[in-house]
Amino acid sequence: MNVKNKVAPPFREMTKEVEYPMVYTLLKFILYMISLVCVIYGLSCIPFEKMIKKNHVRQFYVLYIIVVLSLTYLVAHFFLDFMTIRFG
């Protein structure tokens with residue numbers, strides 16, 4: 001006797017990401033680029049020249065890139081989460 005398992009597909013709530021994948025991806029890309037520009041602009045006011053040790057410029061640039069990318073990720077995800085909040 002051949003019995004097939006009839007399992008219902010998992011319930012998947014339709015989100016904007018599922019409904020419009022290209023629009024959501026484009027929005028994320030644009031938001032990341034805007035966040036990147038804002039983070040670099042915001043960090044440009046800090047006088048890092050006074051904090052860098054002599055002959056440690058390469059290490060500073062590695063740290064600066066890590067900080068910029070981390071802050072960009074945090075800012076972009078904050079706005080993405082803020083835009084997808086649904087009330088009610």
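User: Before anything else, what makes a stretch a helix here, and which one holds Phe29?

Analyst: Helices are DSSP runs of H or I with at least four residues, strands are E runs of at least two, and both are numbered from the N terminus. Phe29 sits in helix H2, which covers residues 21–43. Keep in mind that this is a predicted model, where local features need pLDDT of at least 70, side-chain atom pairs count only at pLDDT 80 or more, and totals for chains, interfaces and linings use all residues. Residues are numbered from 1 along each chain as its sequence is written, and side-chain values use heavy atoms, leaving out hydrogens and water.

User: Why is the chain's pattern written α-α-α?

Analyst: The chain has three helices and zero strands, and read along the sequence that comes out as α-α-α.

User: How do you know that the length of H3 agrees with what's expected?

Analyst: The expected span is 1.5 Å times one less than the number of residues. H3 (residues 57–83) has 27 residues, so it should span 39 Å, and its end C-alpha atoms are 39 Å apart, which agrees.

User: What makes a residue buried, and which ones in H3 are?

Analyst: Buried means under 20% relative accessible area, exposed means over 50%, and partly exposed is in between (1.4 Å probe, protein chains only). In H3, Phe60, Val68, Thr72, Ala76 and Leu80 are buried. Across the chain, buried residues make up 12% of the 88 residues.

User: What do those buried residues of H3 pack against?

Analyst: They pack against H2.

Conventions: Contact = heavy atoms within 4.5 Å.
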